[in-house]
Amino acid sequence: MTRRPDTLALYLEFCIAIRSLTRLHRVSVTSWWRSHEHNRNERGLPGSRHLDGVGADLILDQNEDRAAVMKTARSLGLQVVDERDHLHVELDPV
Ligand SMILES: [Zn+2]
(Lines give C-alpha, C1' and ligand atoms only; values in the text may rest on other atoms or scores of the structure.)
Protein backbone atom coordinates (compact mmCIF):
# COMPACT_ATOMS: atom_id res chain seq x y z
CA MET A 1 0.00 0.00 0.00
CA THR A 2 1.25 3.44 -0.87
CA ARG A 3 0.64 6.50 1.24
CA ARG A 4 -1.38 8.96 -0.77
CA PRO A 5 -1.13 12.69 -0.18
CA ASP A 6 -4.82 12.87 0.64
CA THR A 7 -4.27 14.56 3.93
CA LEU A 8 -2.72 17.91 4.69
CA ALA A 9 -0.52 16.20 7.27
CA LEU A 10 1.21 14.06 4.66
CA TYR A 11 1.73 17.02 2.37
CA LEU A 12 3.17 19.07 5.22
CA GLU A 13 5.42 16.17 6.19
CA PHE A 14 6.85 16.27 2.68
CA CYS A 15 7.25 20.06 2.73
CA ILE A 16 9.07 19.93 6.06
CA ALA A 17 11.37 17.17 4.80
CA ILE A 18 12.28 19.25 1.73
CA ARG A 19 12.85 22.29 3.91
CA SER A 20 15.15 20.28 6.17
CA LEU A 21 17.11 18.93 3.21
CA THR A 22 17.69 22.42 1.84
CA ARG A 23 18.88 23.59 5.23
CA LEU A 24 21.17 20.65 5.93
CA HIS A 25 22.69 20.36 2.46
CA ARG A 26 23.60 22.55 -0.48
CA VAL A 27 20.75 21.45 -2.73
CA SER A 28 18.18 23.21 -4.91
CA VAL A 29 14.72 22.11 -5.94
CA THR A 30 14.33 22.14 -9.72
CA SER A 31 10.93 20.47 -10.03
CA TRP A 32 8.09 19.99 -7.55
CA TRP A 33 4.45 20.28 -8.55
CA ARG A 34 3.85 19.43 -12.20
CA SER A 35 0.87 19.76 -14.49
CA HIS A 36 -0.09 16.59 -16.36
CA GLU A 37 1.15 18.13 -19.60
CA HIS A 38 4.51 19.10 -18.14
CA ASN A 39 4.83 15.67 -16.54
CA ARG A 40 4.28 14.03 -19.94
CA ASN A 41 6.86 16.35 -21.51
CA GLU A 42 9.33 15.40 -18.77
CA ARG A 43 8.56 11.74 -19.48
CA GLY A 44 7.28 11.37 -15.93
CA LEU A 45 5.29 8.33 -14.96
CA PRO A 46 1.49 8.71 -15.26
CA GLY A 47 1.17 8.25 -11.49
CA SER A 48 4.13 10.49 -10.72
CA ARG A 49 4.10 11.97 -7.23
CA HIS A 50 5.03 15.28 -8.79
CA LEU A 51 1.36 15.47 -9.80
CA ASP A 52 0.33 15.39 -6.13
CA GLY A 53 3.08 17.68 -4.86
CA VAL A 54 4.82 14.94 -2.90
CA GLY A 55 7.66 14.36 -5.35
CA ALA A 56 10.51 16.75 -6.05
CA ASP A 57 13.77 16.85 -7.96
CA LEU A 58 16.95 18.16 -6.40
CA ILE A 59 20.27 19.19 -7.82
CA LEU A 60 23.37 19.34 -5.65
CA ASP A 61 26.01 22.02 -5.52
CA GLN A 62 29.29 20.85 -6.98
CA ASN A 63 30.99 19.92 -3.72
CA GLU A 64 27.97 18.50 -1.92
CA ASP A 65 28.20 14.89 -0.71
CA ARG A 66 25.64 12.92 -2.74
CA ALA A 67 25.63 9.91 -0.41
CA ALA A 68 25.12 12.16 2.60
CA VAL A 69 22.17 13.91 0.96
CA MET A 70 20.59 10.55 0.13
CA LYS A 71 21.14 9.31 3.69
CA THR A 72 19.57 12.43 5.17
CA ALA A 73 16.62 12.23 2.77
CA ARG A 74 15.94 8.65 3.81
CA SER A 75 16.22 9.58 7.48
CA LEU A 76 13.53 12.20 6.85
CA GLY A 77 11.17 9.52 5.52
CA LEU A 78 11.78 10.11 1.83
CA GLN A 79 12.35 7.56 -0.87
CA VAL A 80 15.28 8.56 -3.09
CA VAL A 81 15.90 7.72 -6.73
CA ASP A 82 19.30 8.69 -8.12
CA GLU A 83 18.57 9.94 -11.63
CA ARG A 84 22.26 10.81 -12.15
CA ASP A 85 21.75 14.46 -13.14
CA HIS A 86 19.41 14.96 -10.15
CA LEU A 87 17.90 13.17 -7.17
CA HIS A 88 14.19 12.45 -7.20
CA VAL A 89 12.68 12.33 -3.70
CA GLU A 90 9.16 11.44 -2.66
CA LEU A 91 7.21 10.32 0.34
CA ASP A 92 8.38 6.87 1.31
CA PRO A 93 5.58 4.32 0.82
CA VAL A 94 4.55 2.55 4.02
ZN1 LIG B 1 11.18 13.62 -10.10
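This is a guided tour of the structure above, one selection after another.

**The whole chain**

Begin with the entire chain on screen, and keep in mind throughout that this is a predicted model. If you colour by secondary structure, you should find three helices and four strands, and by following the chain from its N terminus you will meet them in the order α-β-α-β-α-β-β. Turned along its principal axes, the set of C-alpha atoms fills a box of roughly 35 × 30 × 20 Å. The radius of gyration is 13 Å, which agrees with the value near 12 Å that a compact globule of 94 residues would have. Of these 94 residues, 21% count as buried. Among the contacts with a separation of 6 or more, 60% are made by residues that lie 24 or more positions apart in the chain.

**The sheet**

Next, select the four strands and hide the rest for a moment. They form an open sheet in the order 1-2-4-3, with antiparallel pairing. Strand 1, residues 27–31, and strand 3, residues 78–82, stand at the edges; each has a single partner strand, so one side of each is left without a neighbour in the sheet. If you look along the sheet, you can follow how neighbouring strands are turned against each other, by 35 degrees on average when direction is ignored. As general background, the strands of a sheet pair through backbone hydrogen bonds, either parallel or antiparallel.

Now walk across the sheet from one edge, beginning with strand 1 and strand 2, the latter being residues 55–60, which pair in the antiparallel sense over four bridges. Select Val27 and look across to its bridge partner in strand 2, which is Leu60; then select Val29, whose bridge partner in strand 2 is Leu58. Leu58 is worth keeping selected, for it also has a bridge partner in strand 4, namely Leu87. Strand 2 and strand 4 run antiparallel and are joined by four bridges.

The walk ends with strand 3 and strand 4, which pair in the antiparallel sense over five bridges. One place to look here is Leu78, which has Leu91 of strand 4 as its bridge partner.

**The helices on the sheet**

Bring the helices back, and select helix 1, residues 8–24. Helix 1 lies across strand 1, strand 2, strand 3 and strand 4 (87–91), and it runs at about 135 degrees to strand 1. Helix 3, residues 66–75, also packs on the sheet, where it touches strand 1, strand 2, strand 3 and strand 4, and its direction makes about 150 degrees with that of strand 3.

While helix 1 is still selected, pick out Arg23, which is found in this helix. Arg23 counts as exposed, because it has 8 C-beta neighbours inside 10 Å, and the cut-off for exposed is 12 or fewer. A distance drawn from Arg23 to Arg40 spans 31 Å from C-alpha to C-alpha, although the two are 17 residues apart in sequence.

**A stop at Trp32**

Move on to the loop between strand 1 and helix 2 (36–41), where Trp32 is found. Is Trp32 buried or exposed? With 15 C-beta neighbours inside 10 Å, Trp32 counts as partly exposed. Leaving aside the neighbours within four places in sequence, Trp32 is in contact with His50, Gly53 and Ala56, so these three can be added to the selection. Trp32 and Cys15 are also 17 residues apart in sequence, and their C-alpha atoms are 10 Å apart in space.

**Two arginines with positive phi**

For the last stop, some background on the backbone helps: most residues other than glycine have a negative phi. Select Arg43, in the loop between helix 2 and strand 2, which has a positive phi of about 60 degrees although it is not a glycine. Arg43 counts as exposed, with 7 C-beta neighbours inside 10 Å.

Then select Arg84, which is found in the loop between strand 3 and strand 4. These two strands form a hairpin with four residues between them, and Arg84 takes a positive phi near 70 degrees there. Arg84 is exposed as well, with 5 other C-beta atoms within 10 Å.

How values were computed: Residues are numbered from 1 along each chain as its sequence is written. This is a predicted model: local features need pLDDT of at least 70, side-chain atom pairs count only at pLDDT 80 or more; totals for chains, interfaces and linings use all residues. The radius of gyration is taken over C-alpha atoms; the globule rule is 2.2 Å times the number of residues to the power 0.38. A residue is buried if 20 or more other C-beta atoms lie within 10 Å of its own, exposed if 12 or fewer, and partly exposed in between; C-beta atoms are placed from the backbone. Two residues are in contact if their C-beta atoms, placed from the backbone, lie within 7 Å. Two strands pair if DSSP finds at least two bridges between them. Axes are lines fitted to C-alpha atoms, for helices over the stretch in contact, and angles run from 0 to 180 degrees between N-to-C directions.
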